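Biologist: I would like to learn how to read a few features of a protein model, so please take me through them slowly.

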Amino acid sequence: MATLKVSNLTKNFGSTLVLKQINLDVSDGEFIVLLGPSGCGKSTLLNIIAGLESVDEGEILIDDYVVNRVEPKDRNIAMVFQSYALYPAMTVRDNVIFGLKQRKVSKEQIEKSLQHFSKMLQIDQLLDRKPAQLSGGQRQRVAMGRALVREPHIFLFDEPLSNLDAKLRVEMRHEINKLHEQLGTTMIYVTHDQVEAMSLATRIAVMNEGIIQQIGTPQKIYDQPNSVFVADFIGSPAINLIQGTVSKDGAALSFIPDQQKDGDKIPLSGYSFETEPGEGQKIIFGFRPEHIRLPDTSLKSQMQVELKPILIELTGYEKEITFEFHGNEITGRLPRHVDAELGKSITFSLDLSEISIFDSASTMRI
Amino acid sequence: MPAADPQQMEAVERSSARKRTFFRWLLFLLLGLFAIYYLAPMYVMIVTSLKTMEEIRQGNLMTLPNEIMFDSWKTAWSGRGYAAGDVFLRPFFWNSIKMVVPAVFISTFLGALNGYALTKWRFKGDNLIFLMFLFGCFIPYQAILLPMARTLGILGIANSITGLVVVHTVYGLSFTTMFFRNYYISIPDEMIKAARIDGAGFFKIFFKVLLPISAPIIVVTVIWQFTGIWNDFLFGSSFSFGEAAPIQVALNNMVLTSTSVKEYNVDMAAAFIAGIPTLLVYVFAGKYFIRGLTAGSVKG
């Protein structure tokens, strides 16, 4: 059983406010990913949860117990760092059991945990080596072993995969995922890599400038971003965002792009507004690259568009095609068999069932 | 690029190869000259110390001795056996050892502790304190002579080895702190964070995690402190006299107080003896220094 609650947390370094009124509720067994660009405060938040940084305002509760003034070692947490942070002078064995020795755990118990977890992480052959003799992936396993033997209530990960090469990163990601399945321990994971976030999290908290912009399941964050920032930050290639105005024709709403040439209107009837916009309101119309599709009449809400490719990139499995669209460059993600030529118009269906609409002024979803 | 003419290319290649060899030899020549320039005094010291006085009086400074005589070394180290007025180095050599070992150990240890606290346990005003340490590096020896003499007097350790240990420790702290601070600042803070989560406290982290990886900077600091303290003459001559003097002061007394004939061979032997420990420190510790620098780093 391990829950975490962060309430009204504020933190500043000197005169710079790094965290503003953070609220976060984590229930037992969740895998929360704190995602954001560098400097958004995500690592600071993690350090505060760990007890490595002090709290200026607000409270941190672990298992409903306020831990603001509790030492890191007594918080029942373990942390894995980006630079692995192994102790260079100690062997792998001593690195892993260092924490248990500090706690004065019995020798037999230490040996038992060491055997169990080193087998699990496949580092049992490396126990007598020094960190300098290990590869990056092995070091990361040892760092995880050191966290695991403490059998903590909450795992904290601070960009643990950022120093690994692409292939190893995917491998270790799978292992962290399996580990979570296996142990069911609550995990908080900081990253700036959206693929890691999407594939690991039960819920993602997108952070920017010291604020949690949105928190929700990966699906929800991807499909219904609550602000232009979240929409733009998640997804690769990035979401297409087009500035324009709302036009009201009786009850039917439609979108007129700012630089449209031929009186095109995009119907917004398929979109459920939280607050309906007024006539002439400035909005941002967003759709993901995969919403440009080959003509398909079975889609429940769609619109035919004529698009001219200005750049075609084959990614292997797909083609990423850049089009000119009412003065904007937009990206489409299309099957590789699509017959595209530079400058030659093609007819597509623009899927309108999963679009996002934001207010221009507030940049929030409406 | 113009089309390459193979013959021309070959000529260019040959001439650049010739140029390279020429400059290589010029470099060796220059380095050789500098080496001779630096080693010549030591050579003169050694050959002179091995000669007899008669041979020295003939005035051939650079020639090898006719017969190798270690008598002057023996005289310099343990004297001639007179009852009074016989100055020789042995007791003062041990004085210096008794001074330099604790002073180097204490100042290095405290410097490491200061550097650790200043980088890994940041507190308000830590940079100001470091700045003051740095300022300490620039205070000239002469400026602290009088206040230090007074302080030693009040503490009751004037004219004693203990007094000199205190002086050198205090004066060396600025340097040792700076060395360790600059070394520890390059060690990732995450390592300390990990140890804190593992439950280690201030001193446990210092002794178990940080000190074992500090070998390179410890060696640098020890070399610096040992050389400085061993070779110091000013503090030694200001704060001690007679029996409590370190070797450099004794060497000075020995060379300047000879009453009858000036014995250059004994003087040279004595000067060489006074320089041997620093030489040994460089020879042995220097090797570890290079080793420490090239050992596996923290990150991959």
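Biologist: Which residues form a positive surface patch?

Modeller: This is a predicted model, in which local features need pLDDT of at least 70, side-chain atom pairs count only at pLDDT 80 or more, and totals for chains, interfaces and linings use all residues. Residues are numbered from 1 along each chain as its sequence is written, chains are lettered from A and ligands numbered from 1 in the order in which they are written, and side-chain values use heavy atoms, without hydrogens and water. The positive patch here is formed by Lys101(A), Lys104(A), Lys107(A), Lys204(B) and Lys208(B); patch residues have over 30% relative accessible area and no salt bridge (a side-chain nitrogen of Lys or Arg within 4 Å of a carboxyl oxygen of Asp or Glu), and like charges, placed for Lys at NZ, are joined within 9 Å.

Biologist: Is Lys107(A) buried or exposed?

Modeller: Buried means under 20% relative accessible area and exposed over 50%, with partly exposed in between, using a 1.4 Å probe and protein chains only. Lys107(A) is exposed, at 72%, and belongs to helix α3 (residues 107-120) of chain A, where a helix is a DSSP run of H or I with at least four residues and a strand a run of E with at least two.

Biologist: Why is strand β9 of chain A largely enclosed by the rest of the structure?

Modeller: Strand β9(A) (residues 203-208) is largely enclosed because five of its six residues are buried. Two strands pair if DSSP finds at least two bridges between them: β9(A) pairs with strand β3(A) (residues 31-35) in the parallel sense over four bridges, with Val33(A) opposite Ile204(A), while five bridges join β9(A) to the antiparallel strand β10(A) (residues 211-216).

Conventions
Patch = residues over 30% accessible without salt bridge, like charges linked within 9 Å, V, L, I, M, F, W, Y side chains within 5 Å. Areas by Shrake-Rupley, 256 points an atom, 1.4 Å probe, with all protein chains shown as cover. Lys, Arg positive; Asp, Glu negative; His and termini not counted.
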